[in-house]
Amino acid sequence: MSSPQPAGVITCKAAVAWGAGEALVIEEVELSPPQPLEIRIKVVCTSLCRSDLTAWQSLTSTPIFPRIFGHEAAGIVESVGEGVSEFGVGDHVLTLFTGECKTCRHCTSGKSNICQVLGLERRGVMHSDQGTRFMVKGRPIYHYCAVSSFSEYTVVHSGCAVKVSSIAPLEKICLLSCGVAAGLGAAWKVADIAGGSTVVIFGLGTVGLAVAQGAKIRGASQIIGVDTNPEKKEKAKIFGVTDFINPNDYDEPIQQVVKRVTSGGADYSFECIGDTGMITAALQSCCDGWGVTVTLGVPKVKPEITAHYALFLTGRTLRGSLFGGWKPKSDLPSLVDMYLREEIQVDEFITHNLSFEEINRAFDLMAEGKCLRCVIHMPK
Ligand SMILES: NC(=O)c1ccc[n+]([C@@H]2O[C@H](COP(=O)([O-])OP(=O)(O)OC[C@H]3O[C@@H](n4cnc5c(N)ncnc54)[C@H](O)[C@@H]3O)[C@@H](O)[C@H]2O)c1
Ligand SMILES: [Zn+2]
Ligand SMILES: [Zn+2]
């Protein structure tokens, strides 16, 4: 058997964002071979998460363009860089927007999934050398979360991908690479919802509805979903939401409504909107003594939060969570296996299947509140 040829630069199509809020343009780009400890992946399917849209709009962050977005993806390893022994060509993988090196203080702590080496990358470059791997018209293109899956091929660090069962459908499990896993983990690992408890979820997108699913599986007795979009009501039932509340139907603050229907506040509340103002409402919606608020949203505008100190003095806890507290490499394969055993729902979050050429439609649908997840199928 001949040994594999060393990988070279490839030319492929990628959806390039040239500026904040500007429609993506499908361009021919050049992609470097994987550098040491990196892998190059043929992206099979990638879905649009609200975090891509927020970063593309760049209302709170410094705009970084041109850029290739996309961080919720499944694909097949095309080539591996020097020193990679964990992956082989043809392996099925999910990309990880926050990686796991397995050796840093956080990875070895047993208490954190915030890897100090391969954690959330915000500057649009690769972790290992702060460089980029894509070029268009002679210019470097920035990455997003060191994943950049809105491309036929991408390069990621081997710590920012995880091998999964080859029988799992990539067009479905791509959702586990961010939103669905983030919501389930917030319910199970971060809040650790107990059976019989009351839960209130602000924002019924994929993340909020995955929290609802996690709460239902844990046997929560009341799962209240709060959303300003009335179209979310029917869909929410599928994931276990027992009571739907639209804040626009009430003259009083939403936290007062929640307190009334939960006889003094829920056991757990979750902020899944990306609105820091709603974190205060979420805190006020859970009960004195033991109420836990988990915030998952990535703010679109104002990043600071404000809350009266008495909310904490009376025993509430506010917790934040990235990727639902999962250690991405260690924990994600078991979620894929749970999906294969039909213990968790994933397909039901997919409202649209689109071709790569239709990628801007996914952005429009999400901006207009008309989808949960749009799965983008890359050319075969
Ligand atoms: N922490 C993490 O690991 C993680 C992972 C994925 C996504 N996120 C973030 O979580 C949030 C949710 O993501 P998503 O993909 O489900 O987004 P989404 O846009 O699909 O869902 C947000 C929902 O909030 C609703 N909403 C908006 N304003 C509201 C208001 N004032 N009151 C009530 N409901 C309101 C919308 O109608 C929508 O249904 C985003 O901020 C996203 O960036 C975080
Ligand atoms: Zn995401
Ligand atoms: Zn680490």
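The following exercises, with worked solutions, concern one sheet and one pair of helices in a predicted model.

**Exercise 1.** Determine which strands stand at the edges of the open sheet of six strands, and why one side of each is left without a neighbour.

*Solution.* Begin with the strand order, which is 12-11-10-13-14-15, with parallel pairing. Strand 12 (243-245) and strand 15 (317-320) each have a single partner strand, so one side of each lacks a neighbour in the sheet; these two strands stand at the edges. From one strand to the next, the twist averages 20°.

**Exercise 2.** Describe how strand 10 pairs with strand 13, and identify the strands that helix 5 touches.

*Solution.* Strand 10 (residues 198-202) is joined to strand 13 (residues 268-271) by four bridges in the parallel sense. Val200 has Ser269 of strand 13 as its bridge partner. Next, consider helix 5 (residues 206-217), which packs on the sheet and touches strand 10, strand 11 (222-226) and strand 13. The direction of helix 5 makes about 175° with that of strand 11.

**Exercise 3.** Classify the packing of helix 7 against helix 8, and state the character of the residues in their contact.

*Solution.* First, take the geometry: helix 7 (residues 254-261) and helix 8 (residues 276-285) pack at an angle of about 20°, and their axes are 8 Å apart. Because angles under 35 degrees count as roughly parallel, helix 7 is roughly parallel to helix 8. Their crossing is right-handed. Second, list the residues: helix 7 contributes Ile254, Gln255, Val258 and Lys259, which meet Ala281, Gln284 and Ser285 of helix 8. Finally, sort the residues of this contact: three are nonpolar, three polar and one charged.

Note on methods:
Residues are numbered from 1 along each chain as its sequence is written. Chains are lettered from A and ligands numbered from 1 in the order in which they are written. This is a predicted model: local features need pLDDT of at least 70, side-chain atom pairs count only at pLDDT 80 or more; totals for chains, interfaces and linings use all residues. Two strands pair if DSSP finds at least two bridges between them. Axes are lines fitted to C-alpha atoms, for helices over the stretch in contact, and angles run from 0 to 180 degrees between N-to-C directions. Two residues are in contact if their C-beta atoms, placed from the backbone, lie within 7 Å. Angles under 35 degrees count as roughly parallel, over 145 as roughly antiparallel, 65 to 115 as roughly perpendicular and the rest as oblique. A crossing is left-handed if the near helix is turned anticlockwise from the far one by less than a right angle, and right-handed if clockwise. Ala, Val, Leu, Ile, Met, Phe, Trp, Tyr, Cys and Pro count as nonpolar, Asp, Glu, Lys and Arg as charged, and the others, Gly among them, as polar.
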